[in-house]
Amino acid sequence: MLDASREDIVSGSLSRVLVVLAAPLVVQNFALVAQEVVDLFWVGRLGGTAVAAVGLAAVFVGLLLVPFMMLFTGTQVITSQRVGAGDEAAARRVPFTGAALAMPLAAVVGVAVLVGAEPIVDRFTDEAQVATYAVAYLTAYIPALFTTSLSDTLEAGFTGWGQTRIALSVNAVAILVNVVVDPLLILGYGPFPRLEVFGAALATGIGYGVGALVAIAVVLHGREGFRLTADAVRPRLATAREVVTVGAPVAGQNLGRQLARLVVIAVVSFAGGAAGLAAYHLGSRVATVVFVPAQGLAQAATSVVGQNLGAAHFERARRTTWIAVVMAAVGLGVLGVVQWLFPEFIAHVFVPGMVGPDLTYTVAYLQILAYGYWALGAIYTVEAGFNGAGETKVSMVSTLAQYWAVRVPVAIVGVYVLTFDVTAVFWAITLSNVAAATWLLAYFVYTSRRGLFERAAEPQGAGEIEGENDGATAG
């Protein structure tokens with residue numbers, strides 16, 4: 001069985017239910033990483049200029065998607081809590097409310113892209129062709145804002161419900177379509193036009209459009225769990241407020257992280273030049289693959305914590321968090337040991353001909369990163385405990401402190417004052433990860449002993465009464 005029932009989540013083996021829920025999410029996240037590799041492969045057929053342009057555009061896409069993370073997280077957390085409380089009718093309203101909020105938000109962001117893409121991109125590059133490609137990519141990405149937000153919001157509903165197998169299927173379809181359409185639209189095979197970089201972004205929108213159709217088909221057909229009902233699609237202001245309130249700190253968290261990364265990349269470029277940037281990007285790509293199991297486990301833990309809180313099983317919610325922390329920290333720690341022992345081999349898997357300063361910096365970064373892998377596993381999963389309790393502000397504050405109080409200052413001081421060497425940035429990254437894990441774990445111990453989960457369950461009844469009143473008014 002690849003899905004976990006409410007009974008499993010609120011009364012079964014916690015380690016088993018975490019693995020059952022996390023497994024399809026891990027596969028899904030690995031598929032997302034594979035999708036990025038495939039996109040890069042086909043864009044690479046156009047040359048280095050196209051790759052540089054898409055890389056630049058990807059930074060802006062990350063910023064554009066920040067507000068949508070608010071809706072995805074809010075939808076998953078509130079849905080899981082409603083399901084845990086046994087109120088399936090209220091749970092069904094949440095994903096449809098999230099999707100209804102996502103559509104006008106996508107329109108606003110899309111208009112901003114049309115108006116601001118060209119002048120903003122011009123500030124980041126002096127190369128005309130890079131700017132042209134980047135603007136083309138961003139413009140073509142506008143339809144993807146609608147399709148990805150609809151697909152991902154409904155998917156968050158399935159995940160919050162514990163139906164991660166369906167969430168995996170929706171995302172797998174989107175990714176498969178994207179992978180198939182990529183070469184057709186980028187290079188223009190057969191009857192398809194050669195759209196180059198524009199086609200890469202368009203393929204993403206088409207893939208997630210098909211994924212959204214699959215999600216809609218599932219909720220229309222749904223024989224159990226998350227399915228479409230007349231009551232579910234009626235507008236409810238209280239539900240919308242809850243989704244935004246719980247998810248808003250996540251948006252702030254991601255915004256702070258994206259802006260800090262821009263600063264870090266600037267420092268890496270100053271201190272290490274092309275070799276430093278090559279090491280930074282390769283290390284980041286390897287880390288993205290390594291973190292996938294912890295991310296999937298954290299997503300699963302968020303739903304398990306939320307449902308156990310809804311069922312007023314506070315101790316199970318607390319134990320869920322600790323089990324997830326141990327599993328992720330140990331698992332990533334083992335991967336870190338492997339990476340520390342074989343950094344040169346890993347570097348050559350990605351870039352077979354890497355030598356000289358590129359290889360020296362890359363080996364150093366891979367080994368320095370490995371020291372903090374256990375901490376990243378702990379960060380993802382202990383944040384899941386806070387997020388499942390609706391305390392998403394903790395993750396936001398922690399991330400902002402991790403990047404702006406530790407990583408950026410240490411990197412700047414290390415490079416400009418102490419060493420003038422790019423490895424100071426690499427140490428700043430690992431030190432910030434260890435610091436964040438330490439204070440999050442300490443704060444979780446403190447708050448969980450002082451009623452974190454008990455307080456999280458208190459508003460459930462009042463929230464539902466308000467939701468019902470709003471529904472009556474809207475109807």
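Glutamate 196 is found in helix H9, which covers residues 196-221. This is a predicted model. The protein chain has 18 helices and zero strands. It runs to 475 residues, of which 54% count as buried.

**Glutamate 196**
- Glutamate 196 has a positive phi of about 55°, although it is not a glycine.
- Most residues other than glycine have a negative phi.
- Its relative accessibility is 22%, so glutamate 196 counts as partly exposed.

**Whole chain**
- The protein chain exposes about 19,200 Å².
- Carbon and sulfur atoms supply 68% of that exposed area.
- Take the contacts in the protein chain with a separation of 6 or more: residues 24 or more positions apart account for 82% of them.

**Nonpolar cores**
- The largest nonpolar core holds 65 residues. Tyr373, Val425 and Phe453 touch the most other members.
- Eight elements each supply at least two residues of this core: H2 (14-44), H10 (237-310), H11 (314-341), H13 (356-370), H14 (373-388), H15 (392-419), H16 (423-448) and H17 (452-457).
- H10 gives the largest share of this core, 21 residues.
- Another core, of 34 residues, lies apart from it. Among its members are Leu46, Ala57, Tyr133 and Val135.
- Tyrosine 373 is in contact with Val286, Ala287, Val290, Phe291, Leu332, Leu335, Gly336 and Gln339, leaving aside neighbours within four places in sequence.

**Helix H11**
- H11 has 28 residues, and at 1.5 Å a residue it should span 40 Å.
- The end C-alpha atoms of H11 are 41 Å apart, which agrees with that expected span.
- The buried residues of H11 are Arg316, Ala317, Arg318, Thr320, Thr321, Ala324, Val325, Ala328, Ala329, Leu332, Gly336 and Gln339.
- Among these buried residues, Leu332, Gly336 and Gln339 also appear in the contact list of tyrosine 373.

**Aromatic pairs and a ring under a charge**
- The structure holds nine aromatic pairs.
- In one of them, the rings of phenylalanine 386 and tyrosine 443 have centres 5.8 Å apart and planes at 25°, so the pair is stacked.
- Phenylalanine 386 lies in helix H14 and tyrosine 443 in helix H16, so this pair ties together parts that are 57 residues apart in sequence.
- Phenylalanine 386 is buried, with a relative accessible area of 1%. Tyrosine 443 counts as partly exposed at 40% relative accessibility.
- Tyrosine 443 also forms a stacked aromatic pair with tyrosine 446, at 6.4 Å centre to centre and 25° between the planes.
- Tyrosine 443 and tyrosine 446 are three residues apart in helix H16, so about one helical turn separates them.
- An α-helix has 3.6 residues a turn, so residues three or four places apart point the same way.
- Tyrosine 446 counts as partly exposed, at 47% relative accessibility.
- Trp322, Phe386, Tyr443, Phe444 and Tyr446 form one aromatic cluster.
- Elsewhere, the charged end of arginine 407 sits over the ring of tyrosine 403, 4.3 Å from its centre.

**Buried polar and charged sites**
- Glutamine 76 is placed in helix H4, residues 66-84. Its relative accessible area is 11%, so glutamine 76 is buried.
- Glutamine 76 and glycine 157 are 81 residues apart in sequence, yet 5.5 Å apart in space, C-alpha to C-alpha.
- Leaving aside neighbours within four places in sequence, glutamine 76 is in contact with Ala156, Thr159, Gly160, Gln299, Thr302 and Ser303.
- Aspartate 182 lies in helix H8, residues 164-187. Aspartate 182 counts as buried, at 0% relative accessibility.
- Not counting residues up to four places away in sequence, aspartate 182 touches Val38, Asp39, Trp42, Ala200 and Ala203.

Terms used: Residues are numbered from 1 along each chain as its sequence is written. This is a predicted model: local features need pLDDT of at least 70, side-chain atom pairs count only at pLDDT 80 or more; totals for chains, interfaces and linings use all residues. Side-chain values use heavy atoms; hydrogens and water are left out. A nonpolar core is a set of buried Ala, Val, Leu, Ile, Met, Phe, Trp, Tyr and Cys residues joined through side-chain atoms within 4.5 Å. Buried means under 20% relative accessible area, exposed over 50%, partly exposed in between (1.4 Å probe, protein chains only). Helices (H or I, at least four residues) and strands (E, at least two) are DSSP runs, numbered from the N terminus. Contact means heavy atoms within 4.5 Å. The expected span of a helix is 1.5 Å times one less than its number of residues. Rings of Phe, Tyr and Trp (its six-membered ring) pair if their centres lie within 6.5 Å; planes under 30 degrees apart count as stacked, over 60 as edge-to-face and the rest as tilted. A charge sits over a ring if NZ of Lys or CZ of Arg is within 6 Å of the ring centre and within 35 degrees of the ring normal. Accessible areas come from the Shrake-Rupley method with a 1.4 Å probe; for residues, only the protein chains shown count as cover.
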